[in-house]
Amino acid sequence: MNKAVAALFCVATLASASAWAQMTPVGTWRSMDEKENTPKAQVKISESGGVVTGKVEALLRKGADPNQLCTECKDELKDKPMVGMTLISGVKKAEGKDVWEGGKILDPENGKTYTVRLTPVDDGKKLEVRGSIGPFWRTQTWIRVQ
């Protein structure tokens with residue numbers, strides 16, 4: 001009987017840990033084109049020391065050149081490869097909320113940097129990515145790959 005209870009406890013613990021782990025922006029995401037509802041890029045978001053960053057792993061648009069350069073980027077990112085580029089930087093979890101904010105996100109299509117807020121939704125299966133400049137904002141919904 002004790003083995004059965006211990007096994008049930010282990011399964012319940014792993015299931016709850018797995019569910020909790022999904023309510024984080026950490027993971028691999030597919031960014032989507034809102035107009036065409038097609039995948040744009042695969043972005044891996046990681047955390048180190050409480051700070052979240054996100055890098056482009058692959059370009060997914062139909063016919064995308066995997067060696068595409070960021071021609072619209074400014075400064076040190078100008079004409080650098082998009083694959084491997086850090087898009088999200090300096091983001092931290094807001095105290096008491098399932099929201100990560102306080103950092104920046106780069107839109108390599110126009111070279112602009114925005115303030116970013118990341119909010120896992122739909123049990124962590126989706127990520128609302130809101131970029132803003134002053135009172136103006138736009139939210140994309142990314143789909144979890146891993």
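These are my notebook entries on one predicted model, from the overall fold down to single residues.

**Entry 1: the overall layout**

I started by listing the elements of the protein chain, and I found one helix and eight strands. Reading from the N terminus, I wrote down the order α-β-β-β-β-β-β-β-β. Next I asked how the strands are arranged. The eight of them close into a barrel, in the order β1-β2-β3-β4-β5-β6-β7-β8, with antiparallel pairing. From one strand to the next, I noted a twist that averages 30 degrees.

**Entry 2: whole-chain numbers**

I then looked up the totals. The protein chain has 146 residues, and 32% of them count as buried. Its accessible surface comes to about 9,300 Å², and carbon and sulfur atoms account for 56% of that. I also checked the contacts between residues at least 6 apart in sequence: 38% of these join residues at least 24 apart.

**Entry 3: walking round the barrel from β1**

I went through the pairings one by one. β1 and β2 run antiparallel and are joined by seven bridges. Here I picked out Asp-33, whose bridge partner in β2 is Thr-38. Four residues lie between the two strands of this hairpin, and in the turn Asn-37 has a positive phi of about 55 degrees.

β2 to β3 came next, again antiparallel, with eight bridges. Ser-48 stands opposite Val-51 in β3. This hairpin has two residues between its strands, and I noted a positive phi of about 60 degrees for Gly-49 in the turn.

**Entry 4: the middle of the walk**

How many bridges join β3 to β4? I found three, with the strands running antiparallel. I used Val-52 as my marker there, and its bridge partner in β4 is Val-91.

From β4 I moved on to β5, where the antiparallel pairing has four bridges. Ser-89 stands opposite Lys-104 in β5. These two strands also form a hairpin, with six residues between them, and Gly-96 in its turn has a positive phi of about 75 degrees.

**Entry 5: the last strands**

I skipped ahead to β7 and β8. Strand β8 covers residues 136-144, and it pairs with β7 in the antiparallel sense over eight bridges. My marker pair here was Ile-133 and its bridge partner in β8, Phe-136.

**Entry 6: the nonpolar core**

Which residues touch the most other members of the largest nonpolar core? Among its 23 residues, I noted Ile-45, Ile-88, Leu-118 and Trp-142. I also checked which strands feed this core: β2, β3, β4, β5, β6 and β7 each supply at least two residues.

I followed Ile-45 further. Leaving out residues up to four places away in sequence, Ile-45 touches Pro-25, Val-26, Gly-27, Trp-29, Val-52, Thr-53, Gly-54, Ile-88, Leu-127 and Trp-142. Two names in that list, Ile-88 and Trp-142, were already on my list of core residues with the most touches.

**Entry 7: a look at Thr-28**

My last stop was Thr-28, in strand β1, which spans residues 27-33. Is Thr-28 buried or exposed? Its relative accessible area is 3%, so I put it down as buried, the cut-off for that being under 20%.

I then looked up what surrounds Thr-28. Apart from neighbours within four places in sequence, Thr-28 is in contact with Gln-42, Val-43, Lys-44, Glu-57, Ile-143, Arg-144, Val-145 and Gln-146.

Note on methods:
Residues numbered from 1 in each chain as written. Predicted model: local features only at pLDDT ≥ 70, side-chain atom pairs only at ≥ 80, totals over all residues. Heavy atoms only, no water. Core = buried A, V, L, I, M, F, W, Y, C linked by side-chain atoms within 4.5 Å. Buried < 20%, exposed > 50% of the residue type's maximum accessible area, 1.4 Å probe, protein only. Contact = heavy atoms within 4.5 Å. Pairing = 2+ DSSP bridges. Axes fitted to C-alpha atoms, helices over the stretch in contact; angles between N-to-C directions. Areas by Shrake-Rupley, 256 points an atom, 1.4 Å probe, with all protein chains shown as cover.
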